[in-house]
Amino acid sequence: MSDLQKSTIQRMASTHCVRCGAALPPAASTGRPRVFCGPGCRKAAYDDRRARKPEAFHVRIVDRTVVKTVEMIRTIDEGHDITECVRQVCGSPRAVANVLAALNGLVRSDTLLLDNKWAPALRLIVDLNRAIQNAAERASRRRRS
């Protein structure tokens, strides 16, 4: 019935030395990420920058945050009869209000109108709206009589 989302944030560190391209040793779990494979490459890069060599480059550490979102969809159709869920929702004014609020959100986001899978539900909502209007007209006629 509802989509659940789980997000994890991971730190992506470079795996190769920026100067020589050699593989970096395993990184510590805390602290600054490794950039050079060892002190020799670090010193050579520093010397290149000081000498203003054209092949020298400036190292700028940019901490990237990677967000991985995994959607877990739970269906209520499996394992039990959906009519029991409908009966329980219809028996609770709060549950009905929650369903109507969710439908209102789908209408506001144009999902209900643009996605064809919602066409049967949309027809039933139109029918419900007509039934409410007819009931209101009948009630107003009774009051006038």
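**Cysteines**

I began by looking for disulfides in this predicted model, and I found that the structure holds zero of them. As a reminder to myself, I noted that a disulfide is a covalent bond between the sulfur atoms of two cysteines. I then looked up how much of some cysteines can be reached from outside: C85 has a relative accessibility of 25% and therefore counts as partly exposed, while C90 has a relative accessible area of 61% and is exposed. I kept the cut-off beside these two entries, because exposed means over 50% relative accessible area and buried means under 20%. C41, which is in α1, is buried.

**The chain as a whole**

Next I asked myself in what order the helices and strands follow one another along the sequence. Reading along the chain, I wrote down the pattern β-α-β-α-α-α-α, which comes to five helices and two strands. The chain has 145 residues, and 7% of them count as buried. I recorded its accessible surface as about 12,300 Å², with 55% of that belonging to carbon and sulfur atoms. For contacts between residues with a separation of 6 or more, I noted that 45% join residues 24 or more positions apart.

**Confidence**

I looked up the pLDDT before going into detail, and the chain averages 78, with 72% of the residues scoring at least 70. Which element has the lowest mean pLDDT, and which the highest? The lowest mean, 53, belongs to strand β1, residues 3–11, and the highest, 89, belongs to helix α5, residues 119–144.

**Helix α1**

I compared the length of helix α1, residues 39–50, with what is expected: its 12 residues reach 16 Å from the first C-alpha to the last, close to the 16 Å expected at 1.5 Å a residue. In this helix I found C41, A45 and D48 to be buried. They cover an arc of only 60 degrees around the axis, and so they sit on the same side of α1. On the face turned away from that buried side, I listed the exposed residues P39, G40 and R50. Just after α1, I noted that R52 takes a positive phi of about 55 degrees.

**Helix α3 and the residue D110**

I made the same kind of check on helix α3, residues 93–108, whose 16 residues should span 22 Å at 1.5 Å a residue; its end C-alpha atoms are 22 Å apart, so the two values agree. Where does D110 lie? I placed D110 in the loop between α3 and α4, the latter covering residues 111–114. The phi of D110 is near 65 degrees, which is a positive value in a residue other than glycine. I wrote this down because most residues other than glycine have a negative phi. With a relative accessible area of 38%, D110 is partly exposed.

**L122 in helix α5**

I found L122 in helix α5, where its relative accessible area of 25% makes it partly exposed. Which residues does L122 touch, once its neighbours within four places in sequence are left aside? I found it in contact with L112 and L113. L122 and L112 are 10 residues apart along the chain, and I noted that their C-alpha atoms are separated by 7.0 Å.

**R19 in the loop before α1**

My last entry concerns R19, which lies in the loop between β1 and α1. R19 counts as partly exposed, at 35% relative accessibility. I then looked up how R19 is placed relative to F36: the two are 17 residues apart in sequence, and from C-alpha to C-alpha they are 6.8 Å apart in space.

Conventions:
Residues numbered from 1 in each chain as written. Predicted model: local features only at pLDDT ≥ 70, side-chain atom pairs only at ≥ 80, totals over all residues. Heavy atoms only, no water. Helix = DSSP H or I, 4+ residues; strand = E, 2+ residues; numbered from the N terminus. Buried < 20%, exposed > 50% of the residue type's maximum accessible area, 1.4 Å probe, protein only. Contact = heavy atoms within 4.5 Å. Areas by Shrake-Rupley, 256 points an atom, 1.4 Å probe, with all protein chains shown as cover. pLDDT = per-residue confidence, 0-100. Expected span 1.5 Å × (residues − 1). Arc of directions from axis to C-beta. Disulfide = S-S within 2.5 Å.
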